[in-house]
Every structure is written in structure tokens, then in C-alpha cells.
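Colleague: Could you take me through one part of this model slowly, as if I were new to protein structures? I would love a close look at the empty space inside and at what surrounds that space.

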Amino acid sequence: MTSTSPHPAVAARGVTHRYPGADGRTLLALDGVDLDVGAGEFVSIVGPSGCGKSTLLRLVAGLLASQAGGIEVLGGAPAEAQRAHALGLVAQDPGLLPWRDVAANVRLPLDVMRANDPKRVRALLDQVGIAEFAGYRPGALSGGMRQRVALARALVHRPRLLLMDEPFGALDELSREAMRIELLRIWEQERIAVLFVTHSVAEAVLLSDRVVVMSGRPGRVRAVIDVPLPRPRAEAQESSPAFIATAAAVRAALRAEDAEGAA
């Protein structure tokens, strides 16, 4: 399924965000951030801890109110996209309901929308490789399997933009590698826009069309790096000259931040 939306998935201009402090001062988390995600495009954000990556994702999701600058999501305000059920969200903690089985957790967005699409639920359970565990509760699953459930849940209502905040950060390396390939395979089928936050340069390059490199706090966009790898992607591409060169460019942008901080 390829997106045909006339609007970009995300268009952010001059986004600035401050958090209030207990002593009356404020913490500047984001400062003048511009960000674009095209319809059907996969964009990753990398940067040091505390640089505002998750804050930016929450602003796009409509979970934080915009303070300065402008954010359009699918041609309107983030809250409008949220109300239209046009967004899917996957976080590091899958946030599954322990009293619901796998199928019922995947079905949750449809229940909220008072929709009924059992074929879609079954298809996604097959798609993420957990159909045989449909009747199990989350406590019986491994971390990687719970993230598969969370991914299926985020996609079940056919969102136009998928927001992913370090979704594989808590997984062991083998599970993380498996989930990357699973996400690539599913993205090739769904072809919706994805905004993906990660600390892993290799992960960002393998998955993305473009990588946005952010500076340390206050978060600013330091570089936007195109990924010239052909699709569909596979782990074997990590040894290709194009992958190595792109990963080096991302790391150089991150190191430039360290060098400036030490100057």
C-alpha cells in the first residue's frame, strides 16, 4: 500500500519548546527545529541523550502543546491527526494491557474507534509472526514478541504516520536485529510515513530514507543526511560502501557536536 496523500506527513518550522523548572527557570529542550517527513517516507532522528528527540516526537503526536514555531501533521494540526486516528505510536515500553490477550491488545485501537475488522487483526498477527500466540497474554511473551504486538497494534487502524520512539532500545541485540528486518518488511508492504527515534547509527541508516542529526541540548538540527541505499533493504547492505560511507557521515555530524562542546 503506497501513500498517495497530497500533504507531507510532517512539516515543522522553527519549533521551540521549554520545560518549566521547580525554581521558576525554564529548560530549553528544542530551539528552532525544522523537520520534514514526506508521505510514505522513512525518516530517523539521532542525537545525544537529552537533545529533545522524544520531545519532538511528542509534539508531532500532539501529546505536547506547541509553544513556538509551527507543526503540521498530514496537512493540519497534530491534534486533528490524532482525532482522525491517523497516527500510530510505538514506544520503548510496549505498554500492553496485561489482562488482554495478544489479539485483544492488537484490536485495542479498533475498539476505541468502535470499529470491527477481525481480518485486519488476523492479517497483522500473521504479518508480524505472532499468529500462534494470539490467545496468550503479554506476560507469557519475550520482549521481542511484545514489541511485535505493539507494532501490530500501532498499524491495525491503518494510520498514515507511524511514530516510533526508540522501540527496540530495551531488546537484546539479536532481537533488535530481527525487529529491524521485520519493520523493513512491513514498511515495504504498508509504505506509510515513519518518524523513528534511535540512538543507533547503523539502525538509522539501514531503515531510513534520510537521517536527521540533532545537537545536544538545546536540540537543533545539525545535519540531514540522505541514505542512498536501494530498497528493499537487507542486513547484507551493512557491509556495502554506500552504507559505510553514510554511517560515517552521520557519525561525523555527531562528533562535530562533541568537538564544538570541547572547544
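Modeller: Happy to, and here is a walk around the cavity, followed by a few backbone details. Please keep in mind that this is a predicted model.

Let's begin with the general idea: rolling a probe the size of a water molecule over the atoms shows where empty space is left. Here, the count comes to one cavity of 30 Å³ or more. The largest cavity has a volume of about 40 Å³. Its lining is made up of L155, L162, L183, I186, W187, E190, R191, I192 and V194. Sorted by class, seven of the lining residues are nonpolar, none is polar and two are charged. Helix α6, residues 173-190, gives the largest share of this lining, with four residues.

Now pick out R191 from that lining. You will find R191 in the loop between α6 and β7 (193-197). R191 counts as partly exposed because its relative accessibility is 25%, and partly exposed covers values between 20% and 50%.

The backbone deserves a look too. Most residues other than glycine have a negative phi, and most peptide bonds are trans. R191, however, has a positive phi, near 50°. E166 also has a positive phi, near 45°, and sits in the loop between β6 (161-165) and α6.

As for peptide bonds, a cis one joins R217 and P218, with omega about 0°. P218 belongs to the loop between β8 (210-214) and β9 (221-226). Another cis bond links R231 to P232, again with omega about 0°, and P232 is in the loop between β9 and α8 (241-262).

How values were computed
Residues numbered from 1 in each chain as written. Predicted model: local features only at pLDDT ≥ 70, side-chain atom pairs only at ≥ 80, totals over all residues. Heavy atoms only, no water. 1 Å grid on protein atoms, 1.4 Å probe; cavity = no way out; pocket = protein on both sides within 12 Å on 5 of 7 lines; lining within 4 Å. Points joined across faces, edges and corners; volume = space filled by probe spheres on them. Helix = DSSP H or I, 4+ residues; strand = E, 2+ residues; numbered from the N terminus. Nonpolar A, V, L, I, M, F, W, Y, C, P; charged D, E, K, R; others polar. Buried < 20%, exposed > 50% of the residue type's maximum accessible area, 1.4 Å probe, protein only.
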